[in-house]
Amino acid sequence: MPGKDVLGMADLGADGIGAVLELARRMKAGEDTTRYLAGKNVGLLFNVPSTRTRVSFQVAASQLGADSHTYGVEELRLANRETVEDTAGVLARYLDALVVRWYDMDDYGGGHRRLEAMAAAADIPVVNALDDLEHPCQVLGDLLTLRELLGPDLAGRRVVYTWAYSSRQKTPGVLHSSMLAGALLGLRFTFVHPEHFGLDRRFTEEAARIAAGTGAEIVSRTDLEGAVSGADAVYVQSWKSFELAGQDEWQARTRLAARWRVTEELMERAGPDAVFLDCMPSNRGEEVDADVKDGPRSRIFQQAENRLHVQKALLARLLSERARGEG
Ligand SMILES: NC(=O)NCCC[C@H](N)C(=O)O
């Protein structure tokens, strides 16, 4: 991997992603991982709630032989305005890696800028555990899941991502990271959204630029039924992120759910073997019907499990000569 940090998919690149996925596959298959990070300490810092990311990183560190330490920003002096740079510089003297989730409610991109500032101030790896622009760890888990479900060569397969939120012009980091990863790996990813819910152009333009060199097919559309036709996997990104939408926005989303939900009928359009993916959280009857989310096409718990395996591989690659040497 080129740099010390993983703040977005570009920091890994195609080779880095491939190496993490291959190590994750071996680890999941039963390789003894308990010595990779023996004696090391991993810090986990969150400014908003986390279920999958927090617990999977804690268990990942433990299974690699490391200790993990979890903090909320209110517990550190960050809430009282000690700077992120000073905090990161101090933490780097105690820890071997720092995993940070920072989603800025008021300033789109502000969380990502804080991560960049921490990474610059700390001489240890800083890993993005979701910010307001990217969620690389989720996407690594998704890619491992897609390989398991559709085979190691995803080039001929097509994945459709659907969503319907862009609260106050913010667009979802999971989709930004998916778009960049799909472009880097030369995959066929379709992004379908209602009119007015398009993605941040910085990411669509960067993905198009990368795709031109890799042969990836990264497409945006606004027709849900047409887009899912023939898809191998349909992936829902939740409509709610960490922010509670206002009354008007909720009414608009409720109206939207009548025509923009992943239903069994929609999945049948995709095809008899199409699978359903969802990074969660999502709400039955809003983004997706219960009979899809809880039904036989759903692979959401396999997807959640894979967060653990890819994050073990990622921490090992960042902190262990042994993991880098073998990769
Ligand atoms: N799997 C996760 O990490 N879930 C946390 C929220 C991610 C979600 N895509 C969101 O930003 O709304």
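In the predicted model, serine 50 is located in the loop that links β1 (41-46) to α2 (52-63). Serine 50 is classed as buried because its relative accessibility is 12%, below the 20% limit applied to buried residues. The side chain of serine 50 also places a polar atom 2.9 Å from the backbone nitrogen of arginine 54.

The ligand is surrounded by 16 residues, among which His135, Gln138, Gln237, Cys279 and Met280 are the closest. By residue class, this shell comprises six nonpolar, six polar and four charged members. Both domain 1 (9-134 + 306-326) and domain 2 (136-303) contribute to the shell around the ligand, each with at least three residues.

Polar contacts to the ligand involve the side chains of several residues, including histidine 135, arginine 52 and arginine 307. For histidine 135, a polar side-chain atom is found 2.8 Å from a ligand oxygen atom. In the case of arginine 52, an N or O atom of the side chain lies at 3.1 Å from a nitrogen atom of the ligand. Arginine 307 has a polar side-chain atom at a distance of 3.4 Å from an oxygen atom of the ligand. On its own, the ligand has 340 Å² of accessible area, of which 95% is covered by the protein.

Notes:
Residues numbered from 1 in each chain as written. Predicted model: local features only at pLDDT ≥ 70, side-chain atom pairs only at ≥ 80, totals over all residues. Heavy atoms only, no water. Helix = DSSP H or I, 4+ residues; strand = E, 2+ residues; numbered from the N terminus. Buried < 20%, exposed > 50% of the residue type's maximum accessible area, 1.4 Å probe, protein only. Polar contact = N/O pair within 3.5 Å; in protein donor to acceptor, adjacent residues only side chain to side chain. Near = heavy atom within 4 Å. Areas by Shrake-Rupley, 256 points an atom, 1.4 Å probe, with all protein chains shown as cover. Nonpolar A, V, L, I, M, F, W, Y, C, P; charged D, E, K, R; others polar. Domains from an automatic or database assignment.
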